[in-house]
Amino acid sequence: MKKYLALVLGIAGLALTAAPANSAPLSANATVTSNYIFRGISQSQSDPAVQAGLDYDFGQGFAVGAWTSSINFGNDTPME
């Protein structure tokens, strides 16, 4: 059931991002993934993870962004 939910949410996310890009300087993104893996190591103990990002484009090739993800290392740190 978890894999099916992650697949449906992933397809919905792709459908939302398939819209034509506009020239707004502020953009955001969100992801629901079945397992957050970084360099071959699960960061979520094989559980789903929620991720989000926010970017601002100042033009002339300069941009600033922030990104966060839920993690599970078995301690009190819920996100990075």
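What percentage of the 80 residues of the protein count as buried? The answer is 12%, where buried means under 20% relative accessible area, exposed means over 50%, and partly exposed is in between (1.4 Å probe, protein chains only). The exercises below work through a predicted model, in which local features need pLDDT of at least 70 and side-chain atom pairs count only at pLDDT 80 or more, while totals for chains, interfaces and linings use all residues. Residues are numbered from 1 along each chain as its sequence is written, and side-chain values use heavy atoms, with hydrogens and water left out.

**Exercise 1: the overall layout**

Task: Describe the secondary structure of the protein and its order along the sequence.

Solution:
- Step 1. Start with the inventory, which comes to one helix and five strands. Helices (H or I, at least four residues) and strands (E, at least two) are DSSP runs, numbered from the N terminus.
- Step 2. Read along the sequence to get the pattern α-β-β-β-β-β.
- Step 3. Turn to the contacts, meaning heavy atoms within 4.5 Å. Among those between residues at least 6 apart in sequence, 32% join residues at least 24 apart.
- Step 4. Add the surface: about 6,300 Å² is accessible, and 64% of this belongs to carbon and sulfur atoms. These areas come from the Shrake-Rupley method with a 1.4 Å probe, and for residues only the protein chains shown count as cover.

**Exercise 2: the sheet**

Task: Work out the strand order of the open sheet and explain why β1 and β5 stand at its edges.

Solution:
- Step 1. Three strands take part, in the order β1-β4-β5, with antiparallel pairing. Two strands pair if DSSP finds at least two bridges between them.
- Step 2. β1 (26–33) and β5 (62–69) each have a single partner strand, so one side of each has no neighbour in the sheet.
- Step 3. On average, and ignoring direction, neighbouring strands of this sheet are turned by 15° against each other. The axes used here are lines fitted to C-alpha atoms (for helices, over the stretch in contact), and angles run from 0 to 180 degrees between N-to-C directions.
- Step 4. Now look at β4 (residues 49–59), which is joined to β5 by eight bridges. Along this pairing, G53 stands opposite W67 and Y56 stands opposite V64.
- Step 5. For β1, take N29, which lies in that strand and is partly exposed at 35% relative accessibility. Leaving aside neighbours within four places in sequence, N29 is in contact with Q51, A52, G53 and D55. N29 and Q51 are 22 residues apart in sequence, with 8.3 Å from C-alpha to C-alpha.

**Exercise 3: positive phi outside glycine**

Task: Locate R39 and Q60, and decide whether each is buried or exposed.

Solution:
- Step 1. R39 is not a glycine, yet its phi is positive, at about 55°. R39 sits in the loop between β2 (37–38) and β3 (41–42).
- Step 2. With a relative accessible area of 74%, R39 is exposed.
- Step 3. Q60 also has a positive phi, near 55°, and is placed in the turn of the β4–β5 hairpin, which has two residues between its strands.
- Step 4. Q60 counts as exposed, at 85% relative accessibility.

**Exercise 4: the surroundings of S44**

Task: Find S44 and list its polar partners.

Solution:
- Step 1. Look in the loop between β3 and β4. S44 is buried there, at 2% relative accessibility.
- Step 2. The S44 side chain makes a polar contact of 3.1 Å with the side chain of N35. A polar contact is a pair of N or O atoms within 3.5 Å; within protein, one must be able to donate a hydrogen and the other to accept it, and residues adjacent in sequence count only if both atoms are side-chain atoms.
- Step 3. A polar atom of the S44 side chain also lies 2.6 Å from the backbone oxygen of D47.
- Step 4. Beyond neighbours within four places in sequence, S44 is in contact with N35, Y36, A49 and N72.

**Exercise 5: aromatic rings**

Task: How many aromatic pairs does a search of the whole structure find?

Solution:
- Step 1. The search finds three. Rings of Phe, Tyr and Trp (its six-membered ring) pair if their centres lie within 6.5 Å; planes under 30 degrees apart count as stacked, over 60 as edge-to-face and the rest as tilted.
- Step 2. Y36 and W67 form an edge-to-face pair, 5.9 Å centre to centre with 70° between the planes. This pair links distant parts of the chain, 31 residues apart: Y36 is in the loop between β1 and β2, and W67 is in strand β5.
- Step 3. Y36 is buried at 10% relative accessibility, whereas W67 is partly exposed at 44%.
- Step 4. F58 and F62 form a tilted pair, 5.3 Å centre to centre with 35° between the planes. Ring pairs link Y56, F58 and F62 into a cluster.
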